[in-house]
Amino acid sequence: MTALTDRRIIGIRSGDRVVVPPLEWDPDTGEELAHDFVDVGPAGTVESWSWVASPTEQHPLDHPFAFALVRLDGADTAILHAVDAGSIDAMSTGMRVAPRWRAARTGHITDLEAFVPGEEPVVPSDDGGAVDEPVTMMDYNASITYTLPVTPNAKRAEQANEEGRFLGLKCPVCGRTYTGGRGYCPVDSVALGPEHEVDLPQNGTITNYTIITPVQYPGQTETEPFARVHVWLDDTDVVLGYQPLLDTPNDDVRIGMRVSAVWASDAELKDLASNAEGRLLGWMPTGEPDVTDPDLVNRIQ
Ligand SMILES: [Zn+2]
């Protein structure tokens, strides 16, 4: 990706072949490849193509173009990219193409705007040059839509959260208590409903924790390391995982710490991030003496 910002396309040697784009592993054997990179192109040959007569906004160009497999000079494999040929009549298998580069390049395959017919790369007059630092991150857009049925138990659990309560469901057979609106006991295969609901305690003990160093992916709002704790609610089997711990320096977080749930007020609720999990803000140390059971660390669910 760094080479692309320098208007170079590189492949990787795999035995006596040159694979483009460079893979981490031999595509036939799965063997890890040494980082033996080689420049290819800049021109290449169209091996196969398909005309896109009516591009949508997801397509790389806003006018008709071809998707093509282009084998760059010096490469043994073809790269899939757009060819901006102007018209379907200008396209043919075996035609020669060269890259048209974007002026501002970031280390993404779209730095290569498209291939165009001919032998000579097209470089914009306002070319921005290569990046100063090697490219280590790559942005790309992805979208996933989930459709999940909301069960009656899940609705009641959410309603309880709204009211600052933890809804539990106690299995009539084994006596285990579950939370989060689960609809059955996984041990006994017994359906759990309103008749099995119990209010859970608001106090608990930290059984385990993780200090998370945030990775700066798009949308990440955390910049400093922060703690997530597992809280075992008093007198139950319920352990709530990966909970926020409030007002506690990371160095003070420890197994056995006593904590109490903190819920958002109506005023605070308005300011909560849209991805917050309901009204629960997190957990606050109570100041009680630590619990010293050596088995606590094993209770993470
Ligand atoms: Zn059960």
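## Antiparallel pairing at the N-terminal end

Strand 1 (residues 9–14) and strand 2 are paired in the antiparallel sense over three bridges. Within this pair, Ile12 has Val19 of strand 2 as its bridge partner. Strands, like helices, are DSSP runs numbered from the N terminus (E, at least two residues, for strands; H or I, at least four residues, for helices), and two strands pair if DSSP finds at least two bridges between them. The model is predicted, so local features need pLDDT of at least 70 and side-chain atom pairs count only at pLDDT 80 or more, while totals for chains, interfaces and linings use all residues. Residues are numbered from 1 along each chain as its sequence is written, and side-chain values use heavy atoms, with hydrogens and water left out.

Strands 1 and 2 belong to an open sheet of three strands, which has the order 2-1-3 and antiparallel pairing. Strand 2 (17–19) and strand 3 (37–40) stand at the edges of this sheet with a single partner strand each, so one side of each is left without a neighbour in the sheet. On average, neighbouring strands here are turned by 45° against each other, direction ignored; the axes behind this angle are lines fitted to C-alpha atoms (for helices over the stretch in contact), and angles run from 0 to 180 degrees between N-to-C directions.

## Pairing in strands 14 to 18

Strand 15 (residues 226–233) and strand 16 (residues 239–244) are antiparallel partners over four bridges, and Val231 stands opposite Leu240 in strand 16. The hairpin formed by strand 15 and strand 16 has five residues between the strands, and in it Asp235 takes a positive phi near 60°.

Strand 17 has antiparallel partners in strand 14 and strand 18. Three bridges connect strand 14 (residues 203–212) to strand 17, with Gly204 matched to Val259 in strand 17. Five bridges join strand 17 to strand 18, and there the bridge partner of Val259 in strand 18 is Pro285. Val259 is thus a bridge partner of both Gly204 and Pro285.

## Salt bridges

The whole structure holds 20 salt bridges, each being a side-chain nitrogen of Lys or Arg within 4 Å of a carboxyl oxygen of Asp or Glu. One of them links the side chains of Arg8 and Asp6 at 3.6 Å, N to O. Arg8 is partly exposed at 33% relative accessibility, and Asp6 is partly exposed at 39%; buried means under 20% relative accessible area, exposed over 50%, and partly exposed in between (1.4 Å probe, protein chains only).

A second pair consists of Arg71 and Glu47, whose side chains meet at 2.7 Å, N to O. Because Arg71 lies in strand 5 (residues 65–72) and Glu47 in strand 4 (residues 44–52), this pair ties together parts that are 24 residues apart in sequence. Both partners are partly exposed, with 35% relative accessibility for Arg71 and 39% for Glu47. The C-alpha atom of Glu47 is also separated by 13 Å from that of Ala82, which is 35 residues apart from Glu47 along the chain.

In a further salt bridge, the closest N and O atoms of Arg258 and Glu288 are 3.4 Å apart. Arg258 lies in strand 17 (residues 258–263) and Glu288 in the segment after strand 18 (280–285), so parts 30 residues apart in sequence are tied together. Arg258 is buried at 10% relative accessibility, whereas Glu288 is partly exposed at 37%. Elsewhere, salt bridges that share partners join Asp84, Arg100, Arg102 and Glu113 into one network.

## Cysteines

The structure holds zero disulfides, a disulfide being a pair of cysteine sulfur atoms within 2.5 Å. Cys171 is buried, with a relative accessible area of 2%, and Cys185 is buried at 0% relative accessibility.

## A nonpolar surface patch

Met1, Ile109, Met138 and Tyr140 form a nonpolar patch on the surface, and together they have about 410 Å² of accessible area. Areas come from the Shrake-Rupley method with a 1.4 Å probe, and for residues only the protein chains shown count as cover. Patches are made of residues with over 30% relative accessible area and no salt bridge (like charges joined within 9 Å; nonpolar side chains, namely Val, Leu, Ile, Met, Phe, Trp and Tyr, within 5 Å). Met1 lies in the segment before helix 1 (2–5) and is partly exposed, with a relative accessible area of 40%.
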